[in-house]
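Grab a coffee and open the model in your viewer. Below are a few exercises, each with a worked solution.

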Amino acid sequence: MGQRSGSGRCTVVVGCQWGDEGKGKIVDVLAEGVDVVARYQGGANAGHTVHVGDEEFILHQIPSGILHGDRRCLLGNGVVLDLLQFFEEHDALRERGIEVDGHVGVSLRAHLLLPYHRVLDRASEAGAREKIGTTGRGIGPAYEDKAGRRGIRVADAADSHRFEALLAEGVQRARLHLERLDQTVDEAALEEALEASRALRGRIAELAVDTGLEIDRALARGENVLLEGAQGTALDLDHGTYPFVTSSNTTAAAAATGTGIGPTRITDVLGVVKAYTTRVGNGPLPTGFDPAMDERMRELGGEFGATTGRPRRCGWFDAVLARHAARVNGLTGLAVTKLDVLDSLDEIQLCTGYRMGGELVEEFPADTFGLEDAQPVLESHPGWKAPTTEARRLEDLPSGARAYLDRIEELTGAPTRMVSVGTRRSQIIRVG
Ligand code: GDP
Ligand code: IMO
Ligand code: MG
């Protein structure tokens with residue numbers, strides 16, 4: 001279904017929880033068999049960790065396929081491209097010996113995220129009654145400018161006069177906004193960052209391409225494409241725990257809009273879930289642990305934000321959320337990560353429903369504030385108390401771990417395609 005004859009496969013890799021599911025690791029593993037990897041939304045709020053040998057890379061805007069030598073890595077039109085951070089990441093990868101030149105392209109239609117967006121993000125969080133707990137990377141303000149039809153696109157960078165005029169208007173508007181928020185600005189730091197942005201205008205214009213056209217042609221040539229999601233389904237602007245979400249659609253349908261291909265070009269949607277749940281930033285986490293267990297899992301899983309270093313809150317696997325994610329993303333498969341993190345536990349629980357106001361709720365509710373008080377209905381599984389890190393086939397896993405995975409698959413309703421049992425590329429089980 002959906003695959004034109006003679007065309008390559010186009011797979012979306014999408015987070016199914018609150019981000020940090022291990023998308024970077026899964027994309028890196030799958031990148032072996034593809035030609036193009038593209039990001040379709042978000043920006044430098046993402047932090048995708050990939051281990052290659054003994055080296056660790058944290059990718060924020062450049063797709064995780066970049067660590068595979070000759071893959072073409074694209075930033076689609078749905079991304080808000082942080083100019084300063086992008087070249088910092090680009091040049092740091094080059095310095096570490098990664099081939100970036102000629103491999104990275106950015107959409108002409110992508111919106112630029114400029115220094116004042118970061119200032120506005122922090123200022124609006126500082127002044128907010130109900131804080132979102134954003135990454136402070138300017139994501140909300142950049143998407144506000146896009147939706148407000150006053151953004152600056154990569155295409156505008158080709159014309160220095162137009163770019164300069166739009167930048168001046170943007171700064172002026174940001175200043176007025178900051179005044180309304182009653183927030184002061186470090187003028188010297190802002191001016192310096194704006195000057196650095198001006199200096200990068202020509203460089204970004206040189207990388208500009210039509211990503212939709214490029215991906216469509218690659219597929220027509222029979223090449224395979226990965227569309228790398230950032231954040232996760234519960235952070236989706238429409239389908240997540242609004243308002244404690246990010247400002248983009250993170251879900252699979254956005255992969256078409258955010259790169260410029262038609263939705264019928266997508267052949268597979270692989271949902272990534274951790275074998276438990278984490279969340280960084282504010283908002284409900286219905287399966288959240290008590291403080292002692294929270295601390296223990298954070299240590300076992302190394303659960304600290306890849307972008308901000310903030311501690312991630314931890315909880316049991318939430319099958320209500322996973323089922324919601326399977327449906328809104330149209331998952332064709334599941335990748336379960338960090339199974340090894342559970343290896344030492346005596347008992348493992350998973351959530352099959354919520355008790356909300358005396359009712360049993362089995363579908364992920366729209367009522368975010370009600371979800372704050374939801375009591376998880378938990379099912380208990382005995383821990384397998386054996387290492388899974390050397391398993392390379394499902395048969396290698398302890399029977400308790402297999403039973404746990406089977407239950408996740410059954411409750412989620414999507415077939416398990418991959419199981420990750422460690423940070424390394426080789427620590428992966430492929431199913432089917
Ligand atoms: P992403 O944002 O979805 O790419 O995920 P992050 O990189 O923010 O967080 C996932 C973390 O878990 C990273 O530190 C990964 O190196 C690590 N990780 C990924 N898969 C596994 C796994 O199967 N086992 C263990 N122990 N760690 C993993
Ligand atoms: P990856 O791609 C986890 C969270 C923030 C905050 C909310 C809004 O690594 O999975 P924003 O800065 O986007 O306006 O913040 O979203 N958040 C993430 N949480 N992983 C991410 O990305 C995230 N990107 C944003 O913590 O709660
Ligand atoms: Mg992350």
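**Exercise 1. Work out how much area is buried between domain 1 and domain 2, and which atoms give it.**

Solution. This is a predicted model, so keep that in mind throughout.

- Step 1: get the bounds. The domain assignment gives domain 1 as 1-107 + 210-432 and domain 2 as 112-203.
- Step 2: pick a yardstick. The size of an interface is often given as the accessible area lost when the parts come together.
- Step 3: apply it. About 2,200 Å² is buried between domain 1 and domain 2, with carbon and sulfur atoms giving 61% of that.
- Step 4: find the big contributors in domain 1. Val80, Leu83 and Leu84 lose the most area to domain 2, and together they make up 27% of what the domain 1 side buries.

**Exercise 2. Describe the contacts between domain 1 and domain 2 residue by residue.**

Solution.

- Step 1: count residues. On the domain 1 side 32 residues are in contact, and they touch 23 residues of domain 2. The centres of the two domains, taken over C-alpha atoms, are 29 Å apart.
- Step 2: look for polar pairs. With both partners at pLDDT 80 or more, 10 residue pairs are in polar contact between domain 1 and domain 2.
- Step 3: look for charge pairs. The count between the two domains is 2 salt bridges.
- Step 4: zoom in on a salt bridge. The side chains of aspartate 82 and arginine 118 form one, at 2.8 Å from N to O.

**Exercise 3. Find out which domains supply the shell around ligand 2, and what holds its oxygen atoms in polar contact.**

Solution.

- Step 1: list the shell. Ligand 2 is surrounded by 20 residues, and the closest are Asp20, Lys23, His48, Thr135 and Thr246.
- Step 2: sort by class. That shell has 7 nonpolar, 10 polar and 3 charged residues.
- Step 3: sort by domain. Domain 1 and domain 2 each provide at least three residues of the shell around ligand 2.
- Step 4: check distances to ligand oxygen atoms. A polar side-chain atom of lysine 23 sits 2.7 Å from one, a backbone N or O atom of aspartate 20 is 2.8 Å from one, and for a backbone N or O atom of valine 280 the value is 3.0 Å.
- Step 5: check burial. Ligand 2 exposes 550 Å² when taken alone, and the protein buries 98% of that.

**Exercise 4. Do the same job for ligand 1: which residues are closest?**

Solution.

- Step 1: the shell has 19 residues, with Lys23, Gly24, Thr49, Asp340 and Ser420 the closest.
- Step 2: go through some oxygen atoms of ligand 1. One is 2.5 Å from a side-chain N or O atom of serine 420, one is 2.9 Å from a polar backbone atom of glycine 22, and one is 3.5 Å from a polar side-chain atom of histidine 51.
- Step 3: taken alone, ligand 1 exposes 580 Å², of which the protein buries 92%.

Methods
Residues numbered from 1 in each chain as written. Chains lettered and ligands numbered in written order. Predicted model: local features only at pLDDT ≥ 70, side-chain atom pairs only at ≥ 80, totals over all residues. Heavy atoms only, no water. Near = heavy atom within 4 Å. Polar contact = N/O pair within 3.5 Å; in protein donor to acceptor, adjacent residues only side chain to side chain. Areas by Shrake-Rupley, 256 points an atom, 1.4 Å probe, with all protein chains shown as cover. Nonpolar A, V, L, I, M, F, W, Y, C, P; charged D, E, K, R; others polar. Domains from an automatic or database assignment. Contact = heavy atoms within 4.5 Å. Buried area = accessible area lost by both parts, 1.4 Å probe. Salt bridge = Lys/Arg side-chain N within 4 Å of Asp/Glu carboxyl O.
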